[in-house]
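Trainee: Could we go through this structure together? I'd like to understand the reasoning behind the labels.
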Amino acid sequence: MRIVVLAGGIGGARFLRGLKRAAPGSDITVIGNTGDDIHLFGLKVCPDLDTVMYTLGGGIDEERGWGRTDESFRLKEELAAYGVGPGWFGLGDRDFATHIVRTQMLAAGYPLSAVTEALCDRWQPGVRLIPMTDDRVETHVAVTLPADDSAGATAGTTADSTTSTTGPAGAAGPGERRAIHFQEYWVRLRASVPAEAVVPVGAEQAKPAPGVLEAIAGADVILFPPSNPVVSIGTILAVPGIREAIADAGVPVVGLSPIVGDAPVRGMADKVLAAVGVESTAPAVAEHYGSGLLDGWLVDTVDAACVERVEEAGIRCRAVPLMMTDVDATTRMAREALALAEEVRSV
């Protein structure tokens with residue numbers, strides 16, 4: 001079986017671990033979100049790609065869900081001693097090595113897709129991991145900074161000099177509306193202020209990375225794991241050609257709700273859902289994707305009452321346990337997704 005999965009970071013990576021067990025021997029291609037990518041300390045950091053690679057390759061910090069296991073942060077401490085920031089983004093010493101290798105290869109002229117393939121040669125994740133695009137795309141969030149947010153008053157602290165802001169460095173201060181990198185919104189601010197808009201900067205000009213459209217066209221089933229529907233899967237779908245390829249693939253497209261009991265299972269997806277006018281409920285997210293894209297949708301058993309609403313929207317829906325408490329539970333979730341895909345196919 002040829003399976004294509006659109007994946008963000010922690011939720012997508014953990015789902016993939018269960019999927020590999022649920023479908024042994026299958027050819028799994030993962031199209032990874034790169035909208036979270038950021039330039040820090042002169043290095044290209046790809047958080048979602050690395051989380052998938054580390055998780056499936058056995059190198060992830062299981063407790064945090066991101067970064068390397070047995071990590072240390074001496075380099076970060078030394079940079080802070082020199083007054084070099086940002087200090088809010090947790091890059092560990094082992095993690096730095098990945099970003100150094102990636103940045104060197106990119107500087108040598110290799111596209112991100114080739115670099116990702118080379119990095120995966122070490123980790124052997126057991127899937128083919130492809131970035132959604134080789135072009136630069138960064139998700140930005142429009143916010144009004146709180147009046148006491150002195151740390152956010154200077155632009156350019158989260159990315160290199162080509163990152164878009166609402167004005168020249170230092171022009172936007174506390175209490176003013178500005179666009180900040182998604183990582184600053186998510187990690188530094190912890191989504192503590194309302195997201196007024198979410199924009200995947202550069203997506204409209206981007207092209208799918210080599211192999212992306214081919215994998216979609218050759219798939220037997222396409223899965224949307226319980227990743228963030230706005231800034232993870234939504235950003236992938238914003239690259240011209242990807243949404244259209246999925247809609248035209250002619251194979252079952254099944255998603256798993258990241259919302260359980262009207263709240264995100266992990267993270268702060270409700271904050272960015274509000275920014276795009278979508279309520280934080282399992283049926284609303286299904287409707288956000290739409291019946292033109294989704295064929296099937298899994299909700300948690302606590303949301304069983306919403307199955308009828310989803311099916312009225314033209315999307316086949318089933319209620320099953322969706323909490324990824326361990327690999328066994330995640331494997332059962334993946335099997336349910338594949339079973340729903342077969343159910344859709346047989347109609």
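Mentor: Gladly! Let's start with Gly58, which comes right after helix α2 and has a positive phi, near 85 degrees. Keep in mind that this is a predicted model.

Trainee: What makes helix α2 (residues 47–57) count as largely enclosed by the rest of the structure?

Mentor: Buried means under 20% relative accessible area. Ten of the eleven residues of α2 meet that description, so the helix is largely enclosed. Among them are Pro47, Leu49, Val52, Met53 and Tyr54. Asp48 and Asp50 are buried too.

Trainee: Why is Ala114 called partly exposed?

Mentor: Its relative accessibility is 27%. Buried would need a value under 20% and exposed one over 50%, so Ala114 at 27% is partly exposed. Ala114 belongs to helix α5 (residues 112–123). Its C-alpha atom is 9.1 Å from that of Asp134, a residue 20 positions away along the chain.

Trainee: How do you know that strands β6 and β7 pair?

Mentor: Pairing takes at least two bridges. Five bridges join β6 (residues 138–144) to β7, so the two strands pair, and they run antiparallel. One example is His140, whose bridge partner in β7 is His181.

Trainee: And what makes β7 and β8 edge strands?

Mentor: The open sheet has three strands in the order β7-β6-β8, with antiparallel pairing. β7 (177–181) and β8 (197–201) each pair on one side only, and that puts them at the edges. Neighbouring strands here are turned against each other by 30 degrees on average, ignoring direction.

Definitions and conventions. Residues are numbered from 1 along each chain as its sequence is written. This is a predicted model: local features need pLDDT of at least 70, side-chain atom pairs count only at pLDDT 80 or more; totals for chains, interfaces and linings use all residues. Side-chain values use heavy atoms; hydrogens and water are left out. Helices (H or I, at least four residues) and strands (E, at least two) are DSSP runs, numbered from the N terminus. Axes are lines fitted to C-alpha atoms, for helices over the stretch in contact, and angles run from 0 to 180 degrees between N-to-C directions. Buried means under 20% relative accessible area, exposed over 50%, partly exposed in between (1.4 Å probe, protein chains only).
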